[in-house]
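This report describes one protein chain, and it begins at a buried position before turning to the wider fold. Please keep the sequence and the structure in view while reading.

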Amino acid sequence: MSSCYEGLYSQIADALVADGYIVIQEAMIHESLQAIALRAKTTHGYKTAGISSASSWHVNLSRRCDSIFWLDESSSEDRLFLDFASGLQEYLNRELFLGLSYYEAHFAKYNAGDFYETHVDAFKNSKNRVVTTVLYLNEDWGEEDGGELVVYNENHEYVATVKPEANTLVVFMSEKFPHEVKPAKRERYSIAGWFRVDRAF
Ligand code: OGA
Ligand code: MN
């Protein structure tokens, strides 16, 4: 299957093999990004995100205060992103044999002061969340706006800081990169998503 994102998919696949992560600016078609960002900012479905239970996560009691809203196949805006992700899933399965079977993604809204402490996305001892994606939806994000994603490696050494600017996409191997969201100084929107090898239940 060919798609306008084929070049991007191959860039992501190469980076996942070489480094385990990648940060891409201007990832999606501009019109799609605009539509998705508008949807994120206007939907009323946000609910406070749960705190992960101490027994099931690598890093216990990661506190967060964002609100989330799961993407919905029946929304044409959400499908713009879900279709992008499903193309990536196919590509990664074809080229890297990752066996990804399921993708789940939510919008996240951080109000001023909100943060997410250092955590790992994958559940302990079970290969469920394999690849993490985060797409940012904030136009003109300045240094002074905070809310950076800070990524570490398995030894908890610093790897990268990512400004949550609109159309920046981060992809990384879920088990290998602890990360945190620094307190945002203004409203901050993103889509966090995970390719899994099991099914959601
Ligand atoms: C998450 C997460 C990062 C971000 O939702 O698990 O780490 O920058 N999000 O929004
Ligand atoms: Mn995370």
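## The manganese site

H119 has a relative accessibility of 3%, which is under the 20% limit, and therefore counts as buried. D121 is likewise classed as buried, because its relative accessibility is 4%. The model examined here is a predicted one, and in it both residues serve as ligands of a metal: the manganese ion (ligand 2) is coordinated by H119 through NE2, by D121 through OD and by H179 through NE2, at 2.1 to 2.2 Å. Along the chain these donors of the manganese ion (ligand 2) follow the spacing H-x1-D-x57-H.

## Overall make-up of the chain

The chain contains three helices and 11 strands, which are arranged from the N terminus in the order α-β-α-β-β-α-β-β-β-β-β-β-β-β. Of its 201 residues, 52% are buried, and the accessible surface comes to about 9,600 Å², with 50% of that area belonging to carbon and sulfur atoms. Among the contacts with a separation of 6 or more, 80% are made by residues 24 or more positions apart.

## The seven-stranded sheet

Seven strands form an open sheet with antiparallel pairing, in the order β1-β9-β6-β11-β4-β3-β2. Because β1 (21-24) and β2 (47-48) stand at the edges and have a single partner strand each, one side of each is left without a neighbour in the sheet. Helix α1 (residues 6-18) packs on this sheet, where it touches β1, β6 and β9 (169-173), and its direction makes about 145 degrees with that of β1.

Within the sheet, β6 (residues 129-136) and β11 (residues 188-196) run antiparallel and are joined by seven bridges, with L135 standing opposite I191 in β11. Towards the β2 edge, β2 and β3 (residues 67-70) are antiparallel and share two bridges, and here T48 stands opposite S67 in β3. Strand β3 in turn pairs with β4 in the antiparallel sense over four bridges, and the bridge partner of F69 in β4 is F107.

## Helix α3 and its packing

Helix α3 (residues 76-96) lies across β4 (102-110), β6, β9 and β11, and runs at about 135 degrees to β4. How does the span of α3 agree with its 21 residues? At 1.5 Å a residue the helix should span 30 Å, and its end C-alpha atoms are 29 Å apart, so the two values agree.

The buried residues of α3 are D78, F81, L82, F84, A85, G87, L88, Q89, Y91 and L92, and the elements against which they pack are α1, α2 (30-42), β4, β6, β9 and β11. As a general point, an α-helix has 3.6 residues a turn, so residues three or four places apart point the same way.

## The end of α3

N93 lies in helix α3 and is partly exposed, because its relative accessible area of 21% is not under the 20% limit for a buried residue. When residues up to four places away in sequence are not counted, N93 touches L98, G99 and L100. The C-alpha atoms of N93 and A13 are separated by 9.8 Å, although these residues are 80 residues apart along the chain. Just after α3, F97 takes a positive phi of about 55 degrees.

Key
Residues are numbered from 1 along each chain as its sequence is written. Chains are lettered from A and ligands numbered from 1 in the order in which they are written. This is a predicted model: local features need pLDDT of at least 70, side-chain atom pairs count only at pLDDT 80 or more; totals for chains, interfaces and linings use all residues. Side-chain values use heavy atoms; hydrogens and water are left out. Buried means under 20% relative accessible area, exposed over 50%, partly exposed in between (1.4 Å probe, protein chains only). Contact means heavy atoms within 4.5 Å. Accessible areas come from the Shrake-Rupley method with a 1.4 Å probe; for residues, only the protein chains shown count as cover. Two strands pair if DSSP finds at least two bridges between them. Axes are lines fitted to C-alpha atoms, for helices over the stretch in contact, and angles run from 0 to 180 degrees between N-to-C directions. Donors are N, O and S atoms within 2.8 Å of the metal (3.2 Å for Na, K and Ca); water is not among the atoms, so sites may look incomplete. The expected span of a helix is 1.5 Å times one less than its number of residues.
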